[in-house]
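Q: I've got a chain open on my screen and I'd like to learn how to read it. Can we go through it together?

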Amino acid sequence: MVKFCPECGGDLKLDPSTKNFICKSCGLYASREKMDELRNKSEINYEDHKKRIREDYLDWWQASKKDKQKI
Ligand SMILES: [Zn+2]
């Protein structure tokens with residue numbers, strides 16, 4: 001059951017006549033399937049983001065090791 005907006009995390013309201021969801025915060029209007037799709041996409045982006053942070057950290061760590069060797 002979709003409860004929160006995948007775009008802004010706001011409360012979603014079900015429109016019973018169209019079976020679509022409306023975000024009370026940003027006004028996003030989409031079907032349940034579309035909401036799931038958007039949510040999956042944002043989870044994938046989040047995983048990418050975490051991976052990128054880890055790689056940045058590794059780069060930094062390797063760079064700082066090199067600096068130490070120079071000294
Ligand atoms: Zn929203």
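Q: In the hairpin of β2 and β3, which residue takes a positive phi?
A: Strands here are DSSP runs of E, at least two residues long, and helices are runs of H or I of at least four, both numbered from the N terminus. In this case, the β2-β3 hairpin has 5 residues between its strands, and Gly-27 takes a positive phi near 85 degrees. Now look at the hairpin of β1 and β2: 4 residues sit between the strands, and there Lys-19 has a positive phi near 60 degrees.
A: One caution before we go on: this is a predicted model, where local features need pLDDT of at least 70 and side-chain atom pairs count only at pLDDT 80 or more, while totals for chains, interfaces and linings use all residues. Residue numbers start from 1 along each chain, as its sequence is written.

Q: In what sense do β2 and β3 pair?
A: Two strands pair if DSSP finds at least two bridges between them. Strand β3 (residues 29-31) pairs with β2 in the antiparallel sense, over 3 bridges. Ile-22 stands opposite Tyr-29 of β3. On the β1 side, β2 (residues 20-23) is antiparallel too, over 4 bridges. There, Leu-14 is opposite Phe-21, and Lys-13 is opposite Ile-22.

Q: Along β2, which side chains point to one face and are buried?
A: Buried means that 20 or more other C-beta atoms, placed from the backbone, lie within 10 Å of the residue's own; exposed means 12 or fewer, and partly exposed is in between. Phe-21 and Cys-23 point to one face and are buried, whereas Asn-20 and Ile-22 point to the other and are not. Over the chain, buried residues make up 8% of the 71 residues.

Q: And where is Pro-6 found?
A: Pro-6 is in the segment before β1 (12-15). Pro-6 is buried, with 22 other C-beta atoms within 10 Å. As for contacts, two residues count if their C-beta atoms, placed from the backbone, lie within 7 Å. Leaving aside neighbours within four places in sequence, Pro-6 is in contact with Met-35, Leu-38, Arg-39 and Ser-42.

Q: How do the elements of the chain run from the N terminus on?
A: The order is β-β-β-α. The radius of gyration, taken over C-alpha atoms, is compared with a globule rule of 2.2 Å times the number of residues to the power 0.38. The chain's value is 20 Å, well over the 11 Å the rule gives for 71 residues, so the chain is more spread out than a compact globule. Along its principal axes, the C-alpha trace spans about 70 × 20 × 15 Å.
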